[in-house]
Amino acid sequence: MTDITLYDYWRSSAAYRVRIALGLCGLEYKSVPVNLLEGEHKSESYRALNPQGFVPTIEIDSLLFTQSLAIIEYLAELHPDAGLLPGDALDRQRVRALSYAIAMDIHPVCNLSVAKFAKSIAAKPDDMPVAWFHKFIGEGLAAYEGMLAQQSPSPFSLGDAPTMADICLMPQLYNARRWEVDLSNMPRILTVEENCNRHTAFQAAHPDQHKPQG
Ligand SMILES: N[C@@H](CCC(=O)N[C@@H](CS)C(=O)NCC(=O)O)C(=O)O
């Protein structure tokens, strides 16, 4: 892999996942910002790259890839030593289950366009989006905590090193904190968060490092 361009938005959880994965694989990349608030992801030129009109899109050696988990699994196959997915089939299943609990069950209902539409038809629009995010992020993360509690304690979501599960968890926690979701009853998640926060790949991918200047 020589030439990598990430179509990115600093606060996008899905793009943040891919930034972490690239860091864990030790891959350098060029970032092209796509401003979601200005609707750039719905433009004809961006949809030519990603027909779904979502970020991220990644271009690797002139090939386009979409869907953050599919991108991460592709990177995992090309860079098995990065440990994004464990070598053992049972552990891989566990990591995927944790990852999907966030990426497929929490994230889609908290997407910008979904929350905006929900607000437009809500009986109590003034409660939106806070009540919405508190419910779906709070319940979803409580379930993730329950999944961790079924396993023996470990520094990361599964084992002693970060995997795709932590890559999905950290952006979701960033959002949870942004919306002030109560995480106090989630000790296993808080331990994982602390360990990820010490890791350079997670630090470098943090939205604060990718926020537009000025
Ligand atoms: N399943 C997709 C989801 C991508 C996605 O939802 N991206 C969000 C940002 S985190 C987006 O582009 N939202 C734009 C919108 O909702 O209009 C993936 O994992 O790549």
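This passage describes the annotated spans, core, helices, backbone features and aromatic contacts of a predicted model.

The structure is a predicted model in which local features require a pLDDT of at least 70 and side-chain atom pairs count only at pLDDT 80 or more, whereas totals for chains, interfaces and linings use all residues. Residues are numbered from 1 along each chain as its sequence is written, and side-chain values rest on heavy atoms, with hydrogens and water left out.

Two annotated spans are taken from an unreviewed UniProt entry, whose positions are given in the numbering used here, with shortened feature names and with annotations that may be inferred rather than shown by experiment. The feature "domain: GST N-terminal" is placed by UniProt at residues 2–83, a span that is 35% helix and 21% strand and whose end C-alpha atoms lie 20 Å apart. The feature "domain: GST C-terminal" is placed by UniProt at residues 88–214; here the composition is 61% helix and 0% strand, and the end C-alpha atoms lie 46 Å apart. Helices (H or I, at least four residues) and strands (E, at least two) are DSSP runs, numbered from the N terminus.

The largest nonpolar core, a core being a set of buried Ala, Val, Leu, Ile, Met, Phe, Trp, Tyr and Cys residues joined through side-chain atoms within 4.5 Å, comprises 59 residues, and those with the most contacts inside it are I58, L75, L84 and L141. Helix α7 (residues 164–178) makes the greatest contribution to this core, with 9 residues. Because domain 1 (4–81) and domain 2 (84–202) both give residues to the core, it lies between them; these domain bounds come from an automatic or database domain assignment. In soluble globular proteins, nonpolar side chains tend to be buried together.

Helix α1 (residues 13–24) has 12 residues and reaches 17 Å from its first C-alpha to its last, close to the 16 Å expected at 1.5 Å a residue, where the expected span is 1.5 Å times one less than the number of residues. Burial is assigned from relative accessible area, with buried meaning under 20%, exposed over 50% and partly exposed in between (1.4 Å probe, protein chains only). Since 11 of the 12 residues of α1 are buried, the helix is largely enclosed by the rest of the structure; among these buried residues are S13, Y16, R17, R19 and L24.

A buried position is also found in helix α8 (residues 187–197), which contains C196. The relative accessible area of C196 is 0%, and its C-alpha lies 9.8 Å from that of L169, although the two are 27 residues apart in sequence. A pair with a sequence separation of 202 residues is formed by K211 and Y9, whose C-alpha atoms are 8.5 Å apart in space. K211 belongs to the segment after α9 (200–205) and is partly exposed, at a relative accessible area of 41%.

Several loops carry distinctive backbone geometry. In the loop between α2 (44–49) and β3 (57–60), which holds P56, a cis peptide bond joins V55 and P56, with omega about 5°. A cis peptide bond also joins M128 and P129, with omega about 0°, and P129 is found in the loop between α5 (112–121) and α6. Positive phi values in residues other than glycine occur at S62, near 70°, and at Q67, about 70°. S62 is situated in the loop between β3 and β4 (63–66) and counts as exposed at 63% relative accessibility, whereas Q67 occupies the loop between β4 and α3 (68–78) and is partly exposed at 43%.

A search of the whole structure identifies 6 aromatic pairs, where rings of Phe, Tyr and Trp (its six-membered ring) pair if their centres lie within 6.5 Å, and planes under 30 degrees apart count as stacked, over 60 as edge-to-face and the rest as tilted. One of these pairs is formed by W132 and F136, whose ring centres are 4.9 Å apart with planes at 65°, so the pair is edge-to-face. Both residues lie in helix α6 (residues 130–149), 4 residues apart, about one turn of the helix. W132 is partly exposed, with a relative accessible area of 24%, and F136 is likewise partly exposed, at 25%. The ring of F136 also has the charged end of K135 sitting over it, 5.7 Å from its centre, a charge being counted as over a ring if NZ of Lys or CZ of Arg is within 6 Å of the ring centre and within 35 degrees of the ring normal.
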